[in-house]
Amino acid sequence: MYKKYLVEHLSQQDLRIRRLNNAIDVCLDILSLSEGEDYESTQLKSAKFLTTLVLFSPENDKKLAELHHRLKPAYKAVLGLRLLDKLVTDDVIKNAYMMKDYDADKRYEPDTTNFECYTQAVILPIMLAAIFQDVGLQHPSLIQLLEGEEGNKDRFRLLENQERAEMLALNYQHTLDYLKNGLGCQQAGAEKEQEITAFDEAEQKRLKFQLGLVLDANSSKRGTSEIIKIPQIYSSVIFSTKRDYQRKNLPTASMLIAQLAIKKAISPEVSDVFMSIVGRFPLGFGITYIAQDQDGNELDFYEYAIVSRLNPPEPTQAICRLVTKKMMFLPYGITDVIKKSQNLHFQAARRKLIKIDPKRLAEVMEKLSHNYGVGNNKPLIPYFWEPNEYFFVQGNQNLWSSRK
């Protein structure tokens with residue numbers, strides 16, 4: 001009996017280690033796609049990664065909720081790391097455990113001991129916490145609650161209050177269980193007893209930190225956990241799983257963060273840092289803006305741009321790749337800052353075009369609608385545009401060329 005138990009235990013342990021190693025491999029792949037050899041290249045690679053995830057999402061896809069559910073974890077993880085870096089750079093984080101192995105000069109040098117220790121102790125647990133923050137939803141009890149005993153319910157439907165409360169409680173319970181027992185700690189690869197002990201102790205601290213992030217993110221407690229809590233709130237709008245999702249609502253993600261900070265539901269200081277990274281307009285959002293001539297004079301038509309960079313000069317401004325010129329789509333373009341006074345998302349900018357002859361505005365729309373799915377029922381002065389179809393043309397995918 002004991003021998004059978006031991007074999008089964010070892011088998012379960014082997015599967016757990018395999019799951020954890022696979023999860024870490026995914027994290028390392030995401031790191032390679034989103035981090036470079038220094039701060040600037042990391043900001044650019046992260047912008048490419050995050051923008052591309054958003055542009056993978058077509059507004060009118062019938063399975064959009066399911067797609068968003070899959071895209072959200074990696075998006076949260078990278079946003080959390082960029083928030084972490086900025087908080088550390090701005091000397092906001094005072095957590096001794098997190099700062100123990102941090103070295104600003106070696107943050108992006110993977111061949112150094114400090115990088116490896118910091119990655120193992122801080123970077124990976126933040127990524128794992130963000131990626132598996134809602135893994136409890138995959139538990140059989142949650143699947144039955146969300147999809148029904150016969151599997152005939154829409155898991156992304158609007159839940160009744162009692163159903164939602166039960167869902168949140170079960171998700172929290174099973175998520176912590178999975179992180180602790182389904183993934184747990186890595187096994188030491190060392191042979192010396194002293195090295196094994198040191199590794200095991202480090203892993204226990206790593207897991208405790210990781211679990212603490214998820215525990216506190218699910219409470220009203222403010223602090224370190226906001227590294228994953230704020231990206232979670234933000235991404236719930238960017239990658240909403242509501243069936244009535246509309247692309248025009250993406251800028252409300254940052255507004256939600258600002259409102260929660262005003263109410264002190266999240267730290268105003270951390271919120272300000274996060275807003276300085278993402279700005280008012282999320283990466284991948286299609287901006288419509290009033291065209292200008294070489295002297296800066298505003299013209300009687302608008303152009304299209306895609307938000308393509310992090311860290312805008314002001315939250316209400318956006319660093320974009322300009323994708324049309326003189327109302328013609330181009331496979332290349334320059335990167336520029338769209339000012340608030342030009343951005344048709346804002347009513348003040350829209351008023352400037354109201355005086356334009358509607359026939360002229362209809363002409364502009366017709367020119368900018370060719371092959372890009374903008375229907376005739378759209379307003380003559382659009383708040384935004386849908387860049388998904390533009391981006392999916394292979395020649396238009398290099399939004400980050402060296403042209404300035």
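## Aromatic rings in a predicted model

Both Phe 285 and Phe 384 are buried. Keep in mind that this is a predicted model.

Let's look at how those two rings meet. A pair of aromatic rings is described by the distance of the centres and the angle of the planes. Here the centres of Phe 285 and Phe 384 are 5.9 Å apart and the planes sit at 20°, so this pair is stacked. The cut-off for stacked is planes under 30 degrees apart. The contact also links distant parts of the chain: Phe 285 is in the loop between α11 (268–278) and β1 (286–292), while Phe 384 belongs to strand β7 (residues 384–385). That puts the partners 99 residues apart.

Next up is the pair made by Phe 391 and Phe 392, which is edge-to-face, at 6.5 Å centre to centre with 70° between the planes. How do its two members fare for burial? Phe 391 has a relative accessible area of 5% and is buried, whereas Phe 392 counts as partly exposed at 48% relative accessibility.

Pairs can join up, too: Tyr 302, Tyr 304, Phe 329, Trp 385 and Tyr 390 are linked into a cluster by ring pairs. Overall, the count of aromatic pairs comes to 16.

Charged side chains get in on the act as well, with these residues lying over ring faces:

| Charged residue | Ring | Distance from ring centre |
|---|---|---|
| Lys 340 | Phe 346 | 5.1 Å |
| Arg 350 | Tyr 383 | 3.6 Å |

Methods:
Residues are numbered from 1 along each chain as its sequence is written. This is a predicted model: local features need pLDDT of at least 70, side-chain atom pairs count only at pLDDT 80 or more; totals for chains, interfaces and linings use all residues. Side-chain values use heavy atoms; hydrogens and water are left out. Rings of Phe, Tyr and Trp (its six-membered ring) pair if their centres lie within 6.5 Å; planes under 30 degrees apart count as stacked, over 60 as edge-to-face and the rest as tilted. Helices (H or I, at least four residues) and strands (E, at least two) are DSSP runs, numbered from the N terminus. Buried means under 20% relative accessible area, exposed over 50%, partly exposed in between (1.4 Å probe, protein chains only). A charge sits over a ring if NZ of Lys or CZ of Arg is within 6 Å of the ring centre and within 35 degrees of the ring normal.
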